[in-house]
Amino acid sequence: MGMNVISPEARNCIWRELIVNKKGLKTFIDREGFSEDSYSFSYEHLAEMLVELDRLIYKYDNFPWDAKPTAQALVNILKEHRSLISSEL
């Protein structure tokens, strides 16, 4: 397992300062101009995204990843994203 460089007690404070108070680098949230609704994908692009999501879900939902909590959290996020994309088809 990796080494914790930032103590758990400090993480919320760091998050608040960097992200909420915007004292860190710019993120996608800071972008001006296009909103999420401004993007549209073709049927082919959406279908290809589903193929890739299925590949990742299969990979991280099976050995040796299936016993790792972080991999299972990722699988849940990927499944949710797959549902959102499927609803657009």
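**Exercise 1. Determine the accessible surface of the protein and the share that belongs to carbon and sulfur atoms.**

Solution. The accessible surface, computed by the Shrake-Rupley method with a 1.4 Å probe, comes to about 8000 Å². Carbon and sulfur atoms account for 59% of that area. The model is a predicted one, in which local features need pLDDT of at least 70, side-chain atom pairs count only at pLDDT 80 or more, and totals for chains, interfaces and linings use all residues. Residues are numbered from 1 along each chain as its sequence is written, and side-chain values use heavy atoms, with hydrogens and water left out.

**Exercise 2. Describe the secondary structure and the overall dimensions of the protein.**

Solution. Step one: helices and strands are DSSP runs, numbered from the N terminus (helices H or I, at least four residues; strands E, at least two). On this basis the protein has three helices and zero strands, in the order α-α-α along the sequence. Step two: the radius of gyration, taken over C-alpha atoms, is 18 Å, well over the 12 Å that the globule rule gives for 89 residues, so the protein is more spread out than a compact globule. The rule is 2.2 Å times the number of residues to the power 0.38. Step three: along the principal axes, the C-alpha atoms fill a box of roughly 45 × 40 × 15 Å.

**Exercise 3. Identify the residues of the largest nonpolar core and the helices that supply them.**

Solution. Step one: a nonpolar core is a set of buried Ala, Val, Leu, Ile, Met, Phe, Trp, Tyr and Cys residues joined through side-chain atoms within 4.5 Å; buried means under 20% relative accessible area, exposed over 50%, and partly exposed in between (1.4 Å probe, protein chains only). Of the 89 residues, 10% count as buried. Step two: the largest core has nine residues, namely L46, L50, L53, I57, Y60, A71, V75, L78 and I85. Step three: α2 (43-60) and α3 (69-88) each supply at least two of them, and the largest share, five residues, comes from α2. Step four: I57 is in contact (heavy atoms within 4.5 Å) with V75, L78, K79 and R82, leaving aside neighbours within four places in sequence.

**Exercise 4. Locate I6, K22 and P64 and state a local feature of each.**

Solution. I6 lies in the segment before α1 (8-20) and is partly exposed, with a relative accessible area of 40%. K22, in the loop between α1 and α2, has a positive phi of about 55 degrees although it is not a glycine. P64 is placed in the loop between α2 and α3, and a cis peptide bond with omega of about 5 degrees joins F63 and P64.
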